[in-house]
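Work through the exercises below with the sequence and the 3D view open. Try each task before reading its solution.

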Amino acid sequence: MKSKIVLIGLDGAPYGLVSDLANRGVMPNFQALKQQAIFAKMQAPLPAVSSVSWSSIITGQNPGQHGIFGFTDLAPQSYDLIFPNFNDLKAPAFWQKYPKLKQVVLNAPSTYPVKPLNGVHVAGFVSPDIERAVFPAKYLPKLRELKYEIDVDSELAHQDTDLFLENLWQTHRARLATYRYFWQEIDWDIFWLVFTGTDRLGHFLYHAYANPNNQYHTAFLDYFQNIDQTIGEIASQLSSSDTLLIFSDHGMAESKANVNLNYFLQEKGFLQLDKSPVELYNQISPDSVAFALEPGRIYLHKKGKYPHGAIEPSQEEKVLQELEAAFARLEFNKQPVIERVYRQAQIYSGPQTDRAPDLVLDEKPGFRLRAGLNKKELFDQDIFTGTHTTHDAFLLVKGPQGMNVSLANAKAEDIISILEKTEIVSS
């Protein structure tokens, strides 16, 4: 029998959480795999959002090469917000790079609209139109029969937690039915299966995980227990010559506060807005020297790059130093908010780097960096109780005996290089 590779993604599941649940017996199958595999923390690319992380995971490249820097960007020479998608990815996804290998790609975020491949591709969020989220299209009727949904309806969490959980399970059960169908239907070489309910649960109920007395604590554990049962089901179908990778795209921590970065930039004199009731970036005044895009991306208001930009190249270093100093002093309840401020060249390399933010903020765990314009205060809170983290994604690799893998200082883009060491890919 030919060797196979399976990749299971748990969106937003931190190293500490899966370690804890494995050790406590909530995830016994994961615990058993840990004893047989290599398991380590993994670094997400900055900023730690799914669009950037998954683009790095599926291409094996950093954002300076693949060109995705966030869920939003500004169109060239304008202040118009755009929403990059799979068509904007400047590096090939793994299944495009190895077309001879038959692959099933199920629910990988930021891969809409799908493109032809050797196998099956059902894109994950954000996918506004399911017809353009499925290749080949002949499987659309089957997905409708299975009641497949691209994503959990997160708006329900703003209305009623019980309705949100009901929808989470409906979406999850349909995802499982779909994975089982394609597992049998396709004679695949590589199978990608991503669970995004883990991220949704973390965002809205991380406080329930952290507090055993919370009324939804058991519901939180139940979901991860079911994920673990699926991991066990998949692992039991693999042979000793197969390779299994389980990983997250970023971590999660209990939220302390939202940090409104454009408010902060206004407060410190870096940003001036021509007031408007609508949050449009064309409000940015020619007197502005910097502005923020979510989450934690800081752009100099450069002359020639933006319609009202006024920062000359000779001024850039001075402004960067002033911004770095200001963010280093940013505190919440006498606690520093920013772990480190990175300059563009420190974290990005490649032909897309000139489109990257000039500074990227790596926040302390628990702070959610927001960019919203026209905010009335520096810190606020919302329904989100969990927020993304960069340094505690995880990666588990279980390969054939003798597979040479080191996970020291593992990064999200290393996943593809691990796959390329396997016999099925390298041969």
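The exercises cover cavities, a pocket, helix packing, an aromatic pair and backbone geometry in this predicted model.

**Exercise 1. Enclosed space**

Task: Find how many cavities of 30 Å³ or more the structure holds, and describe the lining of the largest cavity.

Solution:
- Step 1. Rolling a probe the size of a water molecule over the atoms shows where empty space is left. Searching the whole structure gives two cavities of 30 Å³ or more.
- Step 2. The volume of the largest cavity is about 40 Å³.
- Step 3. Its lining consists of Val152, Leu168, Thr171, His172, Arg175, Phe195, Thr196, Gly197 and Tyr223.
- Step 4. Sorted by type, the lining residues of the largest cavity are four nonpolar, four polar and one charged.
- Step 5. Helix α7, residues 161-185, contributes the most to this lining, with four residues.

**Exercise 2. The second largest cavity**

Task: State which helix gives the most to the lining of the second largest cavity, and how many of the lining residues are charged.

Solution:
- Step 1. The second largest cavity has about 30 Å³ of volume.
- Step 2. Around it lie Gly12, Ala13, Pro14, Leu17, Thr198, Gly202, Tyr206, Phe220, Phe224 and Met252.
- Step 3. Two helices, α8 (197-210) and α9 (217-236), each supply at least two residues of this lining. The helix that gives the most is α8, with three residues.
- Step 4. The lining of the second largest cavity has seven nonpolar residues, three polar and no charged.

**Exercise 3. An open pocket**

Task: For the second largest pocket, name the residues closest to the centre and give the make-up of the lining.

Solution:
- Step 1. The second largest pocket holds about 340 Å³ of space.
- Step 2. It is lined by 19 residues, and those closest to its centre are Asp73, Leu74, Ala75, Pro76 and Arg355.
- Step 3. The elements giving two or more residues to this lining are β3 and β12 (290-293).
- Step 4. The lining of the second largest pocket divides into ten nonpolar, three polar and six charged residues.

**Exercise 4. Two helix contacts**

Task: Decide whether α2 and α9 are oblique or roughly perpendicular to each other, then do the same for α1 and α2.

Solution:
- Step 1. Two packed helices are described by the angle between their axes and the distance between the axes.
- Step 2. The axes of α2 (residues 28-36) and α9 come within 7 Å and cross at roughly 50 degrees. Angles of 65 to 115 degrees count as roughly perpendicular. The helices α2 and α9 are therefore oblique to each other.
- Step 3. In this contact, Pro28, Asn29, Phe30 and Leu33 of α2 meet Asp228, Gln229, Ile231, Gly232 and Ala235 of α9. The residues of the contact of α2 with α9 are five nonpolar, three polar and one charged.
- Step 4. The axes of α1 (residues 15-23) and α2 come within 7 Å and cross at roughly 105 degrees. The helices α1 and α2 are therefore roughly perpendicular to each other.
- Step 5. Here Val18, Ser19, Ala22 and Asn23 of α1 make the contact with Phe30, Gln31 and Lys34 of α2. The residues of the contact of α1 with α2 comprise three nonpolar, three polar and one charged.

**Exercise 5. An aromatic pair**

Task: Classify the aromatic pair formed by Tyr79 and Tyr306, and locate both residues in the chain.

Solution:
- Step 1. The structure contains 33 aromatic pairs.
- Step 2. In the pair of Tyr79 and Tyr306, the centres are 6.1 Å apart and the planes are at 20 degrees, and the pair is stacked.
- Step 3. Tyr79 is in the loop between β3 (73-74) and β4 (81-82), and Tyr306 is in the loop between β13 (297-300) and α11 (316-328). With these positions 227 residues apart, the pair links distant parts of the chain.

**Exercise 6. Backbone exceptions**

Task: Check the peptide bonds from Phe125 to Val126 and between Phe135 and Pro136, and the phi of Lys334.

Solution:
- Step 1. Most residues other than glycine have a negative phi, and most peptide bonds are trans.
- Step 2. The bond from Phe125 to Val126 is cis, with omega near 0 degrees. Val126 belongs to the loop between β6 (119-123) and β7 (134-135).
- Step 3. Phe135 and Pro136 are joined by a cis peptide bond with omega about -5 degrees. Pro136 sits in the loop between β7 and α6 (140-145).
- Step 4. Lys334, a residue other than glycine, has a positive phi near 65 degrees. Its place is the loop between β14 (331-332) and β15 (335-336).

Methods
Residues numbered from 1 in each chain as written. Predicted model: local features only at pLDDT ≥ 70, side-chain atom pairs only at ≥ 80, totals over all residues. Heavy atoms only, no water. 1 Å grid on protein atoms, 1.4 Å probe; cavity = no way out; pocket = protein on both sides within 12 Å on 5 of 7 lines; lining within 4 Å. Points joined across faces, edges and corners; volume = space filled by probe spheres on them. Nonpolar A, V, L, I, M, F, W, Y, C, P; charged D, E, K, R; others polar. Axes fitted to C-alpha atoms, helices over the stretch in contact; angles between N-to-C directions. Parallel < 35°, antiparallel > 145°, perpendicular 65-115°, else oblique. Contact = heavy atoms within 4.5 Å. Phe/Tyr/Trp six-rings, centres within 6.5 Å; stacked < 30°, edge-to-face > 60°.
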